[in-house]
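Student: I have a model open and would like to talk it through with you. Could we take it one question at a time?

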Amino acid sequence: MTLSVCMIARNEEECLERCLQSVRGVVDEIVFVDTGSTDRTVEIARRFGARVFHFAWTGSFAEARNVSLRQATGDWLLMLDADEELAPADSARLKALLTSEDVEAYILNQVSYLGQEPGTEVEVVPRVLLFRNRSEYHFTGAIHEQVTDSIQAARTEARIVPSGVSILHYGYLEHRVRQKDRRNTEILLRELQKAPDNGYLRFQLGV
């Protein structure tokens, strides 16, 4: 079984190399969707052998993410962001997951570093980040996008199970959060205009 890592990014030269290095030798394909980088992001992605696609940013993470899904050729898809990396000890465990015949998707542990430096404080969130490559699976949500609903809608008996694999996330470190807060707030406010009673969007805006 083959594995594609699907990524979307813009201006991530600061951390992209660390991310791609973590999956070197683990994945069979890197599908990289760039949404308008003006730095060395695309150059770094190509150096690691990524198939690079360009997509004009629409304000929706789900739309960009779905572009990457449509380009992937692997049997399984791993979602990874530039400010993340596969935990070094979990490479073999990740590959072993692909041999399962009755699991449709896996829950990975997103270990987010908080504060000023990695390791001082962490937050662990379970997320569906590894699933089979099927045309009916897609992400929804302009921000904090999710794929689980489409998996369960397409296959009501789908087994989605914990994997024990960890993804290390550096995007909640203080200097990274300051860079993203304004963008995320603008997207959430726009989406709330469309669905003012959406409790999930209100929760994320509060966060």
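Student: Is helix H3 (residues 61-71) largely enclosed by the rest of the structure or largely open, and how many of its residues are buried?

Tutor: Happy to start there, and keep in mind that this is a predicted model. A residue counts as buried under 20% relative accessible area. Among the buried residues of H3 are Phe61, Arg65, Asn66 and Leu69. The helix is largely enclosed by the rest of the structure, because the buried residues number 8 of the 11.

Student: Which residue caps the N-terminal end of H3?

Tutor: Look for a side-chain oxygen that reaches a backbone nitrogen at that end of the helix. Such an oxygen lies 3.4 Å from the backbone nitrogen of Ala62. The residue that supplies it is Ser60.

Student: Now the sheet: which strands are at its edges?

Tutor: The sheet is open, has 8 strands and mixed pairing, and runs in the order E3-E2-E1-E4-E7-E6-E8-E5. An edge strand pairs on one side only. That description fits strand E3 (51-54) and strand E5 (84-86).

Student: By what angle are neighbouring strands of this sheet turned against each other on average?

Tutor: Here direction is ignored, and the value is an average over neighbouring strands of the sheet. That average is 30°.

Student: What is the bridge partner of Glu85 in E8?

Tutor: E5 and strand E8 (residues 160-169) run antiparallel and are joined by 3 bridges. For Glu85, the partner in E8 is Leu168.

Student: How many bridges join E6 to E7, and how many pair E6 with E8?

Tutor: Strand E6 (residues 105-114) is mostly covered, with 8 of its 10 residues buried. Towards E8 the pairing is parallel, and Ser112 has His169 as its bridge partner there. Towards strand E7 (residues 121-132) the strands run antiparallel, and Gln110 is partnered by Val125. The counts are 10 bridges for E6 with E7 and 7 for E6 with E8.

Student: Which residue takes a positive phi in the hairpin of E6 and E7?

Tutor: This hairpin has 6 residues between the strands. The phi in question is near 85°, and the residue is Gly115.

Student: Does Val207 count as buried or exposed?

Tutor: Val207 lies in the segment after helix H7 (199-206). With Tyr200 and Phe203, Val207 forms a nonpolar surface patch of about 350 Å² accessible area together. The cut-off for exposed is over 50% relative accessible area. Val207 has 71% relative accessibility, so this residue counts as exposed.

Conventions. Residues are numbered from 1 along each chain as its sequence is written. This is a predicted model: local features need pLDDT of at least 70, side-chain atom pairs count only at pLDDT 80 or more; totals for chains, interfaces and linings use all residues. Side-chain values use heavy atoms; hydrogens and water are left out. Patches are made of residues with over 30% relative accessible area and no salt bridge: like charges are joined within 9 Å, nonpolar side chains (Val, Leu, Ile, Met, Phe, Trp, Tyr) within 5 Å. Accessible areas come from the Shrake-Rupley method with a 1.4 Å probe; for residues, only the protein chains shown count as cover. A salt bridge is a side-chain nitrogen of Lys or Arg within 4 Å of a carboxyl oxygen of Asp or Glu. Helices (H or I, at least four residues) and strands (E, at least two) are DSSP runs, numbered from the N terminus. Buried means under 20% relative accessible area, exposed over 50%, partly exposed in between (1.4 Å probe, protein chains only). Two strands pair if DSSP finds at least two bridges between them. Axes are lines fitted to C-alpha atoms, for helices over the stretch in contact, and angles run from 0 to 180 degrees between N-to-C directions. A polar contact is a pair of N or O atoms within 3.5 Å; within protein, one must be able to donate a hydrogen and the other to accept it, and residues adjacent in sequence count only if both atoms are side-chain atoms.
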